[in-house]
Amino acid sequence: KMAVAAGVTAAAGLWSEVNRCGQNGDFARALKSVNKILQINKDDVTALQCKVVCLIQNGNFKEALGVINTHTKVLTGDVIAFEKAYCEYRLNRIESALKTIQSASQQTDKLKELYGQVLYRLERYDDCLAAYRDLIRNSQDEYEEERKTNLSAVVAAQSTWEKVVPEDLGLREATYELCYNSACALIGQGKLHEAMKKLQKAEELCRQSLSEDSDATEEDIEAELAIIHGQMAYIMQLQGRTEDALQLYNQIIKLKPTDVGLLAVIANNIITINKDQNVFDSKKKVKLTNAEGVEHKLSKKQLQAIEFNKALLAMYTNQADQCRKLSASLQSQSPEHLLPVLIQAAQLCREKQHAKAVGLLQDFAEQHPANAAEIKLTMAQLKIAQGSVTKACMILRSIEELQHKPGMVSALVTMYSHEEDIDSAIEVFAQAIQWYQQHQARTNRGCCVFQPKSPVHLSLIREAANFKLKHGRKKEAISDLEELWKQNPKDVHTLAQLISAYSLVDSEKAKVLSKHLPSSDTMSLKVDVDALENSHGATYVRKKAGKLTADNQQKEQGQGEVKKKKKKKKGKLPKNYDPKVTPDPERWLPMRERSYYRGRKKGKKKDQVGKGTQGSTTTGSSELDASRTASSPPTSPRPGSGAAVSSTSNVIPPRHQKPVGAPATKKKQQQKKKKGAKGGW
């Protein structure tokens, strides 16, 4: 009895210690006291509960869950359901946490709060929204602001990931968290300008809130603002301001925030900006997306987008095996998703395997008809790249839901025109027009009522008529133009086209139709000609009229009768021109062809010295031989000795003579000059 009493006394003291430590927040010391109590009574339910709470407060969720699972007989589901579900939630065992909550017999407020968090992590946003609405409606405590923040986060997630138009919750955006969530909802709707204003307001509120805390430093404020700045950068990226977005993204990375989810999203967005450029930077950034715990911080669509970009980066960096591995993994996770197949096809095209890429896309289109249109568009693009325009047209025409679209009609007509297949182009027009005719009728009380043709329908008919006129199909064009004129008899432009077409086929019909044209009086426009000519856009501006003199009036009167004669410029005369001397009638002939030409005068042989290429000799080189002149005394030339040479008309002037030796090239001449430089000339 004394031992039992001593144990009870000791236990009471330990419980007092546990209570005091719990109030002070010292759960480590409280845990030691609880363990001592359990040594006295290992099945004490209250002690076991306290131990689980202390472990949770210390962050030991796995150990706390182990204690719960070890003492299942004592710690039943109703007793410790919240603690068990919370440990599973914090250990990212979300499905297990949901089962634990749903199996609890009594749904306390704590379980309902946790239930909303679990539903949000499971991305069951409709159920989550209903859970938080119920909590806000049925609870009144100091956590109301947090519940409203969570409610706005759910609405933002619906707008972003499910493209649901968010409803107005009527929440007063007094905190930066509410402003931030509202901005995210606006981004999901595509209202980027309004979202940027909300983020700026959130930044201002965040600075005000943290500045009131004396312990908060500027680095703490910047770290808290990082997620707001990241969303701002994302808006800039969507607006096409990639340089500004990239600068802001890099500023956030330099801060080294502890949120791995934020870093992963920013790194992924930088990779999308880089694309196939700056791949070295992208390789560094992709490491941030592989950080531990990222998969628990981001939504499924965010994680999927990151994996897609990893596969594309592998393709851009010529890592073919890695690209195929990643795209195959993505396809196995989402067999109906289009992007993995497109990435595989793009990789095959980079490897010049176009036929295999087309086959891969064809198989996917047959297995998933819902995505057949996008796949066939890609197949057509590949066929065009291969030069198979006709096959590309066949693929495009097989997309039934796009056959009548103006863009598709325009593309097909352009390609058929390029292939000079006019009949097929006209057939494309006919099919599109027929589609609009079939869908123009509506049933009204059992009767078929035809509505006026839509603008797109009329536009197609007009384009078809213009195309047929351009390619000489006048009769077919006339049929289309008559249809247009019937729809709008007041359309003068269509009537003019119709008359022009008939004038080439049936002139009488053209004359009859021309009577429907309005008179020139009705078509005249009230235009101020003077104002139009003096306007800034006029190519001709009338000069301001000045005072006319009598002479000017006479000139203006005779201007229309007498044309001004153009003055002929006098030719220039030679400097030695003498008007008294008759010009030589043979002055236009070359000197040699004139009748009085007698050849070159004597004494001109000395001009031949130095003519021709270096080292060559002329016909009179013997006369210039120094050895001969040295041995024989100089003699004066006899009268007429030089006349025999100069009198012959067949003598070629020195500069027209060819040297006796073979002609040397310019390069060889330069080499000879260099070699002979030492001897001197």
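What follows is a short look at the overall make-up of the chain and at two patches on its surface.

The model is a predicted one. The protein chain runs to 681 residues, and 32% of them count as buried. As for secondary structure, it's a matter of helices, 33 in number, plus two strands. Looking at contacts between residues at least 6 apart in sequence, 48% turn out to link residues at least 24 apart. The chain's accessible surface adds up to about 45,900 Å², with carbon and sulfur atoms accounting for 52% of that area.

On that surface, one patch carries negative charge: it brings together Glu-142, Glu-145, Glu-146, Glu-177 and Glu-224. Glu-146 makes a handy example from this group. This residue sits in helix α9, which spans residues 144-161. Its relative accessible area is 44%, so Glu-146 is classed as partly exposed, and that figure clears the cut-off of over 30% used for patch members.

The other patch is nonpolar and is built from Met-591, Tyr-596 and Tyr-597, which together offer about 290 Å² of accessible area. Here Tyr-597 is found not in a helix but in a loop, the one running between α30 (550-559) and α31 (626-631). Tyr-597 is also partly exposed, because its relative accessibility comes to 32%, and partly exposed covers the range between the buried limit of under 20% and the exposed limit of over 50%.

Key
Residues are numbered from 1 along each chain as its sequence is written. This is a predicted model: local features need pLDDT of at least 70, side-chain atom pairs count only at pLDDT 80 or more; totals for chains, interfaces and linings use all residues. Side-chain values use heavy atoms; hydrogens and water are left out. Helices (H or I, at least four residues) and strands (E, at least two) are DSSP runs, numbered from the N terminus. Buried means under 20% relative accessible area, exposed over 50%, partly exposed in between (1.4 Å probe, protein chains only). Contact means heavy atoms within 4.5 Å. Accessible areas come from the Shrake-Rupley method with a 1.4 Å probe; for residues, only the protein chains shown count as cover. Patches are made of residues with over 30% relative accessible area and no salt bridge: like charges are joined within 9 Å, nonpolar side chains (Val, Leu, Ile, Met, Phe, Trp, Tyr) within 5 Å. A salt bridge is a side-chain nitrogen of Lys or Arg within 4 Å of a carboxyl oxygen of Asp or Glu. Lys and Arg count as positive and Asp and Glu as negative; His and the chain ends are not counted. The place of a charge is taken as NZ of Lys, CZ of Arg, CG of Asp or CD of Glu.
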